[in-house]
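Here are a few short exercises to work through with the coordinates open. Try each task yourself before reading its solution.

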Amino acid sequence: MPVTDPTATGTTWSVRDGLATFDEPAVLLRNALDTVFTRWATEAGARQQSYPPLLRTEDLRSLDYFRNFPHLGSPVTRIRPDRLAGLAAAPPGAGALTAAELADATHMLPSAACYGCFLHLTGTSTDTPVLITTVAQCFRNEDHHDGLRRLWGFTMREIVCVGSAEAVRTHLDRHRERILAFGAALGLTLDRQPATDPFFEKDGTRSVMQLLAPVKEEYLHTDGTAVSSTNNHRNFFGERRAIGHAGRPAFTGCVAFGLERWVHVLGDLFDGDLAAAHRAVLQAGERP
């Protein structure tokens, strides 16, 4: 997979340090895409919810986050009170804050939108499937940046299902079909491929099951960009956060859309004409 200049610039967007700035055509396209995906969620019966922008480290520990994703984490902290005066006296351009100047980090920026959902549902139980959609600014401390394809900060829309194993499979199957049909309507060729996602311990029984029946699938553009994914977590979150369904740990699954990645692939398809891409999304999004 080729890596572009980390300061890559398009006609209506720019990226610096893995952080994107959008001009109006890119903003309108991203919003139109999110409207389509939100409509899918609403039609499936999902309730829209919003969660806090920070996650507690103690909650993430209960999800094996620091076992599986420590390299992606972006801790949030504050300046130590005893270092404030020294920082105020530092000359302009002094550079990064050092670890000695910072307090211990008790919170993290989210690396996926669904974490807030599962933490919110902790200790709850239901006898019928629960569907929720949420959107979040997510952050992944990648080892390199690549235009809009690989960002430090990006926007993720998710549609989450909590319920039985069958309900989760039905949810994911429905959206597999919609993603591929939407891509085809836009003229995109999306390749559905199994992917690995280390939610589970590498030597655990769930990891063995993942080899037999992949729990994560990605939808790849011709340049290898994964614009969406479908994810079956089995009963991992149900067990770890005491989320119940019909008297047992709930199964969960989510459909995820990386909105900036969709902007990238449509910009590629329409040769940088994001206004034309916007019109195409509006037209394709009206189809059932």
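**Exercise 1.** Decide whether Asp271 is buried or exposed in this predicted model, and describe its backbone setting.

*Solution.*
- Step 1: The relative accessible area of Asp271 is 73%. The cut-off for exposed is over 50%, so Asp271 counts as exposed.
- Step 2: Asp271 sits in the loop that links helix 9 (259-269) with helix 10 (274-285).
- Step 3: Its phi is positive, about 50°, although Asp271 is not a glycine.

**Exercise 2.** Carry out the analysis for Ala246: which accessibility class does it fall into?

*Solution.*
- Step 1: Ala246 has a relative accessibility of 48%. Partly exposed covers the range between under 20% and over 50%, so Ala246 is partly exposed.
- Step 2: The loop between strand 13 (244-245) and strand 14 (248-249) holds Ala246.
- Step 3: Ala246, which is not a glycine, has a positive phi of about 50°.

**Exercise 3.** Classify the packing of helix 1 (residues 24-44) against helix 6 (residues 165-186).

*Solution.*
- Step 1: Two packed helices are described by the angle between their axes and the distance between the axes.
- Step 2: Here the axes of helix 1 and helix 6 come within 12 Å and cross at roughly 150°. That makes helix 1 roughly antiparallel to helix 6, since angles over 145 degrees fall in that class.
- Step 3: The crossing of helix 1 past helix 6 is right-handed.
- Step 4: On the helix 1 side, the contact residues are Leu33, Val36, Phe37, Arg39, Trp40, Glu43 and Ala44; helix 6 contributes Arg174, His175, Arg178, Ile179 and Phe182. By type, the contact of helix 1 with helix 6 has seven nonpolar, one polar and four charged residues.

**Exercise 4.** Repeat the classification for helix 6 and helix 10.

*Solution.*
- Step 1: The axes of helix 6 and helix 10 come within 9 Å, crossing at roughly 130°. Helix 6 is therefore oblique to helix 10.
- Step 2: Helix 6 passes helix 10 in a right-handed crossing.
- Step 3: Phe182, Ala185 and Leu186 of helix 6 meet Ala280, Val281, Ala284 and Gly285 of helix 10. The contact of helix 6 with helix 10 comprises six nonpolar residues, one polar and no charged.

**Exercise 5.** Put these local features into the context of the chain: how many helices and strands does it have?

*Solution.*
- Step 1: The chain has ten helices and 15 strands.
- Step 2: Of its 288 residues, 48% are buried.
- Step 3: The accessible surface comes to about 14400 Å², with 53% belonging to carbon and sulfur atoms.

Technical notes
Residues numbered from 1 in each chain as written. Predicted model: local features only at pLDDT ≥ 70, side-chain atom pairs only at ≥ 80, totals over all residues. Heavy atoms only, no water. Axes fitted to C-alpha atoms, helices over the stretch in contact; angles between N-to-C directions. Helix = DSSP H or I, 4+ residues; strand = E, 2+ residues; numbered from the N terminus. Parallel < 35°, antiparallel > 145°, perpendicular 65-115°, else oblique. Left-handed = near helix turned anticlockwise from the far one by under 90°. Contact = heavy atoms within 4.5 Å. Nonpolar A, V, L, I, M, F, W, Y, C, P; charged D, E, K, R; others polar. Buried < 20%, exposed > 50% of the residue type's maximum accessible area, 1.4 Å probe, protein only. Areas by Shrake-Rupley, 256 points an atom, 1.4 Å probe, with all protein chains shown as cover.
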